[in-house]
Amino acid sequence: MTPILATSNIHKAREFKKIFRDAGIALKHVSLKTIEIQSERLEDIAVFSSLQAFEAVGRPVFVEDAGLFIESLDGFPGPYSSYVYRTIGLEGVLRLVGDDREARFVSVISYYDGRTSPHIFRGEVHGRIAERPRGRYGFGFDPIFIPEGSDKTFAEMSRGIKTGKSHRGLAARRFIAWLRGQG
Ligand code: IMP
C-alpha cells in the first residue's frame with residue numbers, strides 16, 4: 001500500500017518523499033489545507049487535521065504538525081510556529097532570544113485509517129538558535145536552528161542530511177517501522 005500524505009506545505013512534502021524513498025517506499029502527496037485547531041499540544045492539532053484529511057481523501061492518510069520550542073521562552077513559539085514565522089519571522093525570533101539559546105524541534109505525525117483511532121508518531125531533536133540566519137536550503141526556521149552535534153543550521157544541510165537528523169526524519173522513521181509491522 002502506498003502511504004498518502006496530506007499537506008499544503010511543499011517543503012514538508014519533499015522532505016517526507018525523500019525519507020520514504022530512502023526507506024524504499026513510494027509516497028503519494030495530496031495537497032490539502034486543513035483547519036488547524038488551537039491547542040498547546042501538537043498531538044491534538046495533528047489528530048484533528050488527520051480526521052479532516054481522511055474525510056477529504058477518503059482513504060488512510062497521514063498529516064504532520066511541527067513546531068520550534070525555545071526553552072528560555074517557555075517553549076514559544078511551539079504550536080504557534082507558523083503564525084510566528086509569518087508575522088515576526090526569523091529576525092523577530094532572534095530579537096526575543098537571549099543568552100540561553102537552547103531549543104528543540106518537534107514533529108508529530110497522525111495517521112488515520114478511518115477504522116481505529118489515529119496513530120501518533122513523534123520525533124524530537126534538540127539544538128540551539130543560531131546568532132544569525134545561515135544557509136539557503138530548507139524552509140521556515142531552518143536558517144536559525146542548529147541541531148545538537150552540528151555546527152551547521154538545517155538550512156546549511158542538503159535535504160538528505162537534514163532528514164537524517166531532523167524531528168521529521170525521526171517521526172517518519174518511527175511511522176515507517178510501524179507500517180512495516182502492519183505487513
Ligand atoms: P506546521 O504548523 O506543522 O505547518 O509548521 C509550523 C511552522 O513551523 C512552519 O510554518 C515552519 O515555519 C516551522 N517548521 C516546521 N517544520 C520545520 C522544519 O523542519 N524546519 C523549519 N521550520 C519548520
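Me: What makes the K162 side chain and the ligand a polar contact?
Reply: In this predicted model, an oxygen atom of the ligand is 2.8 Å from an N or O atom in the side chain of K162. The cut-off for a pair of N or O atoms is 3.5 Å, so this pair counts.

Me: Which other residues have a polar atom by a ligand oxygen, and at what distance?
Reply: K12 does, with a side-chain N or O atom 2.6 Å from a ligand oxygen. A66 uses a polar backbone atom, at 2.8 Å. Both values fall within 3.5 Å, so they count as polar contacts too. As for cover, the protein takes 92% of the 480 Å² of accessible area that the ligand has on its own.

Me: Where does the ligand sit?
Reply: In the largest pocket. That label requires more than half of the ligand's atoms to lie within 2 Å of the pocket's grid points, so the ligand meets that condition here. The pocket holds about 910 Å³ of space, and 36 residues line it, with N9, K12, E36, D65 and S82 closest to its centre.

Me: Which element gives the most to that pocket's lining?
Reply: β3, with six residues. β3 also gives two or more residues to the shell around the ligand, as do α3 and α6.

Me: What makes D142 and R168 part of the shell around the ligand?
Reply: Being near takes a heavy atom within 4 Å of the ligand, so both have one. They are among the nearest of the 16 residues there, along with K12, A66 and K162. By class, the shell has seven charged, five nonpolar and four polar residues.

Note on methods: Residues are numbered from 1 along each chain as its sequence is written. This is a predicted model: local features need pLDDT of at least 70, side-chain atom pairs count only at pLDDT 80 or more; totals for chains, interfaces and linings use all residues. Side-chain values use heavy atoms; hydrogens and water are left out. On a 1 Å grid over the protein atoms alone, a cavity is a set of points where a 1.4 Å probe fits but cannot get out, and a pocket is an open set with protein on both sides within 12 Å along at least five of seven lines; lining residues have an atom within 4 Å of a point. Grid points are joined across faces, edges and corners, and a volume is the space filled by probe spheres set on the points. Helices (H or I, at least four residues) and strands (E, at least two) are DSSP runs, numbered from the N terminus. A polar contact is a pair of N or O atoms within 3.5 Å; within protein, one must be able to donate a hydrogen and the other to accept it, and residues adjacent in sequence count only if both atoms are side-chain atoms. Accessible areas come from the Shrake-Rupley method with a 1.4 Å probe; for residues, only the protein chains shown count as cover. Ala, Val, Leu, Ile, Met, Phe, Trp, Tyr, Cys and Pro count as nonpolar, Asp, Glu, Lys and Arg as charged, and the others, Gly among them, as polar.
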